[in-house]
Amino acid sequence: MQDDELHISHIDKSLYNVDLAPIPHSKRRWGWFEIFNVWSNDIQSLFGYSLAASLFLSYGLNGWAVMVAIILAGFVVMVLVNLSGKPSVKYGIPFPVMVRASMGVRGANLPALLRAIVGIFWYGVQTYFASTAMALLLTSLFGDPGGSFLGLSAIGWISFILVWFFQLAIFWAGIERITQFLNWAGPLVYLVMVVLMIIIWIQAGSDLLPAIGTIFSSSGDYQGSAVSAFLAITGTMIAYFAAVVINFGDFTRFVRSERQMKLGNLLGLPLNVAFFSFIALIITAGTLALFGEALINPSDIIERVDSLPLTLIAALTFFAATVGINLVANFIPPAYDLANLFPSKINFRIGGLLTAIIAFFIGALWLTVISRIGIPGFVNALGAIVAPFYGIIVVDYYLIRRQRLNIQDMFSAEPGSSYYYTKGWNRRALLAFGLAALFSISTVWVPTLAALNGYAWLIGAGLGGLFYYGLMRGYVPQAATTS
């Protein structure tokens with residue numbers, strides 16, 4: 001589309017502010033490298049490494065088979081985000097605006113609110129985990145004076161507050177500063193992880209590679225077949241990326257072209273995941289050979305290696321990596337989502353500030369209160385509920401509307417406009433969402449369906465799209481005046 005076609009001619013303040021408005025192609029600066037680093041920061045966090053390492057240990061499969069399952073997940077996610085990211089490349093709009101086409105200009109607030117709740121919660125939790133890397137750095141330099149309040153030592157509180165302010169400062173500086181941070185944090189994490197892998201490899205000796213095939217075969221307590229274990233690993237890794245998959249348009253709206261997005265996704269997902277899973281495989285096997293136990297937490301591995309320079313560099317790197325994923329998955333999306341609720345009063349910055357303030361209390365109370373009262377299960381349930389929106393968005397854009405949107409009506413609440421439906425709500429979409437979400441939530445709360453938990457996101461998204469197509473098949477959308 002031409003830049004003049006993306007200009008909104010009639011402004012409804014209940015639906016529009018400059019942060020939600022389409023970004024003209026002439027003002028987009030992102031290429032494949034920026035998209036690659038979105039995924040690098042999403043993959044290379046402390047939690048991301050621990051998850052990958054745990055998958056090698058939990059299913060009793062050959063280590064190479066686990067690696068292939070993880071790479072397969074990377075290819076699946078690449079396909080999913082190519083679909084969800086393309087509309088925002090074309091129209092320059094974020095996720096909460098894009099979803100107006102299927103849910104209605106008012107109904108879009110439902111997925112935006114649910115996604116914001118999930119993002120804010122995990123932003124607080126990840127802020128706490130990022131502060132543990134900072135605490136490791138400060139303790140290595142100055143020692144720990146002791147003392148404890150709400151489960152955190154004095155160093156712990158200093159680290160938590162420093163990380164909280166640091167993230168907010170980067171966010172407040174704008175998307176360009178966030179981009180710069182992501183662009184150096186991703187490669188730096190790789191450098192440190194490669195160094196750690198080499199150290200472990202040298203110490204483990206030449207017998208490490210031949211042993212990888214069998215070293216994990218007796219581990220784990222998984223009772224299913226090898227095929228079901230393989231699929232469970234793939235499903236778990238897909239679910240790990242789910243938070244970014246649904247709102248990937250929040251990032252692709254800054255990309256210059258669809259080709260750049262696809263190249264960034266190819267390098268950032270299957271190829272990036274392949275390299276990262278290889279590092280996780282070597283390090284996990286090496287720790288098992290060296291120490292007699294598999295260590296899945298990078299901080300524990302660094303502590304065993306016992307090198308102060310490496311400890312300092314690694315602590316700084318793990319801190320940067322966790323901050324990176326927090327910005328990508330848990331800060332930027334809620335900021336847009338909250339801005340969509342009240343555009344005339346909340347812009348992108350204010351949405352981010354509200355996210356940070358609420359998340360501060362979540363992170364501060366994580367150890368002593370929140371992690372013990374079942375709230376994570378509640379938020380996981382919300383995450384499962386969000387899955388059907390992906391299927392609804394993709395089916396609506398590609399099958400119902402044939403990749404044509406009326407960008408002017410995306411910001412119009414006039415009765416009779418393309419996305420007004422019934423008082424701003426698409427009842428068919430709500431019904432499709434409700435039916436699919438019922439299954440997604442069942443996999444979290446119904447014990448007999450627990451075995452499907454690893455596939456819950458994929459099945460929920462698929463059912464959401466299927467139900468939506470069935471309900472909307474007879475609906476004839478108004479012809480788009482802009483394409």
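**Figure 1. Arg402 and Gln403 in the loop between α16 and α17.** In this predicted model, Arg402 sits in the loop that lies between α16 (375-400) and α17. Gln403 is found in that loop between α16 and α17 as well. Arg402 is not a glycine, yet it has a positive phi of about 55 degrees. Gln403, also not a glycine, has a positive phi of about 65 degrees. Most residues other than glycine have a negative phi. How accessible is Arg402? Its relative accessibility is 59%, so Arg402 counts as exposed, because exposed means over 50%. Gln403 has a relative accessible area of 27% and is partly exposed. That value falls in between the cut-offs for buried, under 20%, and exposed, over 50%.

**Figure 2. Ser440 and its surroundings in helix α17.** Ser440 belongs to helix α17, which covers residues 427-445. Is Ser440 buried or exposed? Its relative accessible area is 0%, so Ser440 is buried. The view shows its contacts, leaving aside neighbours within four places in sequence. Ser440 touches Ala384, Ile385, Ala387 and Pro388. Ala456 and Gly460 are in contact with Ser440 too. Ala387 appears again in the next view, paired with Ala242.

**Figure 3. Ala242 of helix α10 beside Ala387.** Helix α10 spans residues 226-246 and holds Ala242. Ala242 has a relative accessible area of 9% and is therefore buried, since buried means under 20%. How many residues separate Ala242 and Ala387 in sequence? They are 145 residues apart. In space, their C-alpha atoms are 7.9 Å apart. Ala387 is also one of the residues in contact with Ser440.

**Figure 4. Helix α8 crossing helix α14.** Helix α8 consists of residues 175-204, and helix α14 of residues 308-341. Their axes come within 8 Å. They cross at roughly 135 degrees. α8 and α14 are therefore oblique to each other. The crossing of these two helices is left-handed. Which classes of residue make up the contact of α8 with α14? There are 23 nonpolar residues and 2 polar ones, with no charged residues.

**Figure 5. Leu191 and Thr317, two residues distant in sequence.** Leu191 is part of helix α8. Its relative accessible area is 54%, so Leu191 is exposed. In sequence, Leu191 and Thr317 are 126 residues apart. What is their separation in space? From C-alpha to C-alpha, Leu191 and Thr317 are 9.3 Å apart.

**Figure 6. Helix α1 passing helix α8.** Helix α1 covers residues 32-43. The axes of α1 and α8 come within 8 Å and cross at roughly 60 degrees. The two helices are therefore oblique to each other. α1 passes α8 in a left-handed crossing. Which residues make the contact? From α1 come Phe33, Glu34, Asn37, Val38, Ser40 and Asn41. From α8 come Thr179, Leu182, Asn183, Ala185, Gly186, Pro187 and Tyr190. By class, the contact of α1 with α8 holds 6 nonpolar, 6 polar and 1 charged residues.

**Figure 7. Pro334 of helix α14 and its contacts.** Pro334 lies in helix α14. Its relative accessibility is 0%, so Pro334 counts as buried. What does Pro334 touch, not counting residues up to four places away in sequence? The contacts are Ala116, Gly119, Ile120 and Thr355. Pro334 and Ile120 are 214 residues apart in sequence. Their C-alpha atoms are 6.6 Å apart in space.

**Figure 8. The whole protein chain, for context.** The secondary structure comes to 18 helices and 0 strands. The protein chain has 483 residues, and 57% of them are buried. What share of the contacts with a separation of 6 or more joins residues 24 or more positions apart? The share is 85%. The protein chain exposes about 18800 Å². Carbon and sulfur atoms supply 66% of that area.

Methods:
Residues are numbered from 1 along each chain as its sequence is written. This is a predicted model: local features need pLDDT of at least 70, side-chain atom pairs count only at pLDDT 80 or more; totals for chains, interfaces and linings use all residues. Side-chain values use heavy atoms; hydrogens and water are left out. Axes are lines fitted to C-alpha atoms, for helices over the stretch in contact, and angles run from 0 to 180 degrees between N-to-C directions. Helices (H or I, at least four residues) and strands (E, at least two) are DSSP runs, numbered from the N terminus. Angles under 35 degrees count as roughly parallel, over 145 as roughly antiparallel, 65 to 115 as roughly perpendicular and the rest as oblique. A crossing is left-handed if the near helix is turned anticlockwise from the far one by less than a right angle, and right-handed if clockwise. Ala, Val, Leu, Ile, Met, Phe, Trp, Tyr, Cys and Pro count as nonpolar, Asp, Glu, Lys and Arg as charged, and the others, Gly among them, as polar. Buried means under 20% relative accessible area, exposed over 50%, partly exposed in between (1.4 Å probe, protein chains only). Contact means heavy atoms within 4.5 Å. Accessible areas come from the Shrake-Rupley method with a 1.4 Å probe; for residues, only the protein chains shown count as cover.
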